[in-house]
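I opened this model to follow a single side chain outwards into its surroundings, and I kept notes as I went along.

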Amino acid sequence: MLNISINQLININIMETKVWTYTLSIERKHLILINEDNKRLLIDTGSPMNLGASFMLCGELQTSSNIGMMNQIRELSGLELDGLIGMSSLRRYHILLDVPSKKIQFSNKPFSLVGSEVKMRSVFGIICFDATVDVDKKISVLFDTGAPVSYLNPEIVPDYVPIDHIEDFHPSLGRYNVDLLPEMVFEVGYHQFPVSFGILPQTPLSGLANMLSDAIVGWDLFHRSIIELDFDSNRMIIDPLV
């Protein structure tokens, strides 16, 4: 017979809650985490993997790669960056993203945020969820914290007329001009947000993006909300501040 005390059983069955809190620097609608070593790391849920040199996060060394692409992102963004935190590290933790308070928290347990619960799924390692746009159009959305501009598949709005043009970039495309649409209602869970979507220029990369989802949303969602990402239960909880 095993001789195990009650305290030992408690220690076995109850895992200690650990929380790591980091300050965010918000620059040009990009989220930059300042880590234990004072490294500046871009948070990018639109990247399946970490980029640049390996870095510390939550007391652990996070492996990374592709320093060349990281250099390209640094040059195109004009930001001072030491690396990029992609989904290969992010999905290992429960995350509470509080951009209005300029902080992000990681934990080994859920945060229990109260808000609208949205089911998540993975598309090639990237977060995807369902939403509605323009009142009644059902769309699938990639959640990309590295996207200062939201994008919509032109097939959703075939008769669109742009109201403006802005510049954006992608490390595989360089800089490019984007048609900007009139503001429309974006609804996720039971919350509505006004979003002015862009239309990606016609390239093989935009064709692939449009095949994977109907939209890409980043800044327009997270800059006005507190968001919990629970990868164990595949759910996103959104608490809007509007």
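I began with the contacts of Phe-106 in this predicted model, setting aside its neighbours within four places in sequence, and I listed Lys-18, Val-19, Trp-20, Tyr-22, Leu-33, Leu-57, Cys-58, Leu-90, Tyr-93, His-94, Ile-95 and Phe-111.

Is Phe-106 buried or exposed? I looked up its relative accessibility and found 0%; because buried means under 20%, Phe-106 counts as buried.

Next I checked a residue from much further along the chain: Leu-229 is 123 residues away from Phe-106 in sequence, and I noted 9.7 Å between their C-alpha atoms.

I then turned to the strand, and found that Phe-106 lies in E9. Strand E9 (residues 103-107) runs antiparallel to strand E8 (residues 94-98), and five bridges join the two; one pair that I wrote down is Asp-98 with its bridge partner Lys-103 in E9.

Both strands belong to an open sheet of ten strands with mixed pairing, whose order I copied as E4-E7-E3-E2-E1-E9-E8-E21-E22-E10. At its edges I found strand E4 (51-52) and strand E10 (116-119), each of which pairs on one side only.

Which residues have the most contacts inside the largest nonpolar core? I found Leu-33, Phe-106, Phe-129, Leu-152, Phe-186, Phe-197 and Met-236, in a core of 48 residues. Strand E12 (residues 126-133) gives the largest share of this core, with four residues. I also recorded a second, separate core of eleven residues, among them Ile-126, Ala-147, Tyr-176 and Ile-216.

Last, I looked at Leu-152, whose contacts beyond four places in sequence include Val-133, Ile-139, Leu-181, Phe-197 and Ala-215.

Definitions and conventions:
Residues numbered from 1 in each chain as written. Predicted model: local features only at pLDDT ≥ 70, side-chain atom pairs only at ≥ 80, totals over all residues. Heavy atoms only, no water. Pairing = 2+ DSSP bridges. Buried < 20%, exposed > 50% of the residue type's maximum accessible area, 1.4 Å probe, protein only. Contact = heavy atoms within 4.5 Å. Core = buried A, V, L, I, M, F, W, Y, C linked by side-chain atoms within 4.5 Å.
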